[in-house]
Amino acid sequence: MEKARPASLASSDTVRVTNPGGSSPFVLTCDHASNFLPAEFGTLGLAAEDLSRHIAWDPGALPVARRMAEALDATLVETRISRLVIDCNRPLDAPDLVPPVSETTAIPGNTGLSEKQRAARVALSWQPFHAAIEHIVDDRLARGQETRLVSVHSFTPVYKGRNRPWHIGIIHDEDRRLASPLIGALKRLAGVTVGVNEPYSPADRVYFTLERHARSRGLPCAMIEIRNDEIAGETGQRKWADLLTGIFSDLEPQEAGHTRSHSVGKSVQSAS
C-alpha cells in the first residue's frame with residue numbers, strides 16, 4: 001500500500017524557514033533551492049551528473065538568498081527537495097508540476113505515476129512550502145507588518161541551444177510596484193545587462209508562488225533570476241547578494257497608479 005509520503009523524510013524537513021520574525025518588509029523565497037532526492041526516489045533514472053545541473057535546482061540561488069536575508073533581517077523560505085520530485089513554483093494542475101522532461105532531458109522516474117504517487121509528492125514538499133509562506137504572510141499582516149515578496153532564482157546561460165545574454169532578469173506581471181524601481185536601480189549598474197521579463201515571464205508559468213501569496217493579497221512582489229555562471233562560486237554569490245542588498249535597503253515600491261504594463265507576456269517556453 002502506498003503511503004501518504006516517503007517514510008524517511010517528514011514533511012517538516014522539506015521546507016526551511018530562516019528568521020521568521022525578521023523586521024524587514026521583504027520576505028524572500030527560494031523555490032528551487034536544493035537538488036536533494038530522498039532515498040525513496042533513487043536518482044529518478046538519471047545519471048549522477050544530471051543531478052548537479054540546472055534541471056534539478058537553481059545553482060547558486062540559495063547562498064545569494066541567505067546572504068540577502070541575513071543582511072536585510074528578512075525572512076527566507078526555502079525548499080529542501082529537488083524540483084525534479086515536484087516543482088513548488090507550479091500550480092497543481094501544471095503539466096510540469098512533476099516534470100517528465102526538463103529542458104531536453106527525460107526523467108524516467110516521473111513517468112506513469114499514479115494519482116496516489118503524485119499526491120504523495122504534493123504532500124511531501126509542495127504543501128509544506130506553501131503552507132509555510134502562507135503562515136508567515138498571514139502572521140505578518142495580522143500584526144500590521146509591511147510585507148513585500150521576492151523570489152530568488154537562477155537560470156542557465158544556454159537553454160535549448162539559445163544563448164542568454166542577461167546577467168540578471170526581473171520578472172513581473174502588470175503590478176510593477178517593486179519591479180520598476182528594482183529594474184531602474186539594476187540598469188544604473190555599470191556592465192550589467194538586465195532582462196525585463198527575460199529569460200522568463202509570467203506567461204511561462206513561473207510566477208505561481210508570487211501569484212499565490214502576494215498577488216492574491218495585493219502585496220508588492222517581484223522575481224529575480226540571476227544567470228547561474230555569475231553565482232557559481234562564493235565570490236559571485238557575495239557580489240550579487242551585496243549588490244541586491246544595497247538596492248533593497250533603499251527600495252521603495254511605486255504608487256499603485258504607476259503599475260500598469262502591457263508587455264508582460266511573451267512566447268511560452270518550457271521554463272526551469
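Biologist: Among contacts in the protein chain between residues at least 6 apart in sequence, what percentage join residues at least 24 apart?

Modeller: In this predicted model, 83% of the contacts between residues at least 6 apart in sequence join residues that are at least 24 apart. The chain that makes these contacts has five helices and eleven strands, and 56% of its 272 residues count as buried.

Biologist: Is alanine 33 buried or exposed, and where in the chain is its place?

Modeller: Alanine 33 sits in the loop between β2 (26-30) and α1. Burial is judged by relative accessible area, with the word buried kept for values under 20%, and because alanine 33 has 5% relative accessibility, it counts as buried. Leaving aside residues up to four places away in sequence, alanine 33 touches Trp57, Leu62, Glu78 and Thr79. A separation along the chain can also be set beside a separation in space: alanine 33 and valine 77 are 44 residues apart in sequence, and their C-alpha atoms are 9.6 Å apart.

Biologist: How should I read the packing of two helices, and what are the angle and the distance for α1 and α5?

Modeller: Two packed helices are described by the angle between their axes together with the distance between those axes. Here helix α1 (residues 61-72) and helix α5 (residues 234-249) pack at an angle of about 40°, and their axes are 9 Å apart. That angle makes α1 oblique to α5, and the crossing of the two is right-handed.

Biologist: Which residues of α1 and α5 meet?

Modeller: On the side of α1 they are Pro63, Val64, Arg67, Met68, Ala71 and Leu72, and these meet Gln237, Arg238, Ala241, Asp242, Leu244, Thr245, Phe248 and Ser249 in α5. Sorted by kind, the residues of this contact divide into eight nonpolar, three polar and three charged.

Biologist: In the largest nonpolar core, which residues touch the most other members?

Modeller: That core has 40 residues, and Val85 and Leu149 are the ones that touch the most other members. At least two residues of this core come from each of α2 (115-142), β6 (148-155), α4 (208-213) and β11 (221-227), and α2 gives the most, with eight residues.

Biologist: What does leucine 149 touch, not counting residues up to four places away in sequence?

Modeller: Among the residues that leucine 149 touches, on that count, are Val27, Ile133, Val137, Leu178, Leu210 and Ala222. Apart from the largest core lies another core, of 35 residues, whose members include Val64, Leu72, Leu76 and Leu251.

Key. Residues are numbered from 1 along each chain as its sequence is written. This is a predicted model: local features need pLDDT of at least 70, side-chain atom pairs count only at pLDDT 80 or more; totals for chains, interfaces and linings use all residues. Side-chain values use heavy atoms; hydrogens and water are left out. Axes are lines fitted to C-alpha atoms, for helices over the stretch in contact, and angles run from 0 to 180 degrees between N-to-C directions. Helices (H or I, at least four residues) and strands (E, at least two) are DSSP runs, numbered from the N terminus. Angles under 35 degrees count as roughly parallel, over 145 as roughly antiparallel, 65 to 115 as roughly perpendicular and the rest as oblique. A crossing is left-handed if the near helix is turned anticlockwise from the far one by less than a right angle, and right-handed if clockwise. Contact means heavy atoms within 4.5 Å. Ala, Val, Leu, Ile, Met, Phe, Trp, Tyr, Cys and Pro count as nonpolar, Asp, Glu, Lys and Arg as charged, and the others, Gly among them, as polar. Buried means under 20% relative accessible area, exposed over 50%, partly exposed in between (1.4 Å probe, protein chains only). A nonpolar core is a set of buried Ala, Val, Leu, Ile, Met, Phe, Trp, Tyr and Cys residues joined through side-chain atoms within 4.5 Å.
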